[in-house]
Amino acid sequence: MGEQEQSGGGQTVRYNSSPVSARTRRTVPLRCCTSPEQVFGTANALAVLFASELTQDQLQTLINLLSFLVSALSTIVTQQQICEGITVQPSE
């Protein structure tokens with residue numbers, strides 16, 4: 001993610017630019033037209049594919065990874081709502 005260089009008595013950190021910078025991020029909300037049935041069908045198809053291709057340990061690792069991903073994305077969405085002034089209700 002970043003490169004470190006030793007310079008004089010201090011340390012300089014130089015970060016590489018990301019392929020997706022703040023200037024190129026999508027600012028227009030993405031319109032979703034996928035039906036709940038399509039989402040459910042896609043999720044089930046992926047589950048069957050993963051279950052047929054991965055070991056039990058690999059599946060548990062994938063479940064853990066996806067749980068962390070969901071948590072991180074939920075946190076980002078909540079923070080964006082707070083910054084936009086939307087009242088956020090704590091989940092139960």
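What pLDDT does the protein chain average, and what share of the residues score at least 70? The average is 76, and 64% of the residues reach at least 70; pLDDT is the predictor's confidence in each residue, from 0 to 100.

This is a predicted model, in which local features need pLDDT of at least 70 and side-chain atom pairs count only at pLDDT 80 or more, while totals for chains, interfaces and linings use all residues. Residues are numbered from 1 along each chain as its sequence is written, and side-chain values use heavy atoms, without hydrogens and water.

Select residues 1-24 to begin. Their pLDDT is below 50, and beyond near neighbours in sequence the stretch has 18 contacts in the model (heavy atoms within 4.5 Å). Where pLDDT is low, the predicted coordinates should not be read in detail.

Next, colour by secondary structure. Along the sequence the pattern is β-β-α-α, with helices (H or I, at least four residues) and strands (E, at least two) taken as DSSP runs numbered from the N terminus.

Now select helix H2, residues 56-83. Its 28 residues should span 40 Å at 1.5 Å a residue (1.5 Å times one less than the number of residues), and the end C-alpha atoms lie 41 Å apart, which agrees.

Within H2, pick Ile 76. This residue counts as partly exposed because its relative accessibility is 46% (buried is under 20% relative accessible area, exposed over 50%, partly exposed in between; 1.4 Å probe, protein chains only).

Finally, move just past H2 to Gly 85, which takes a positive phi of about 85 degrees.
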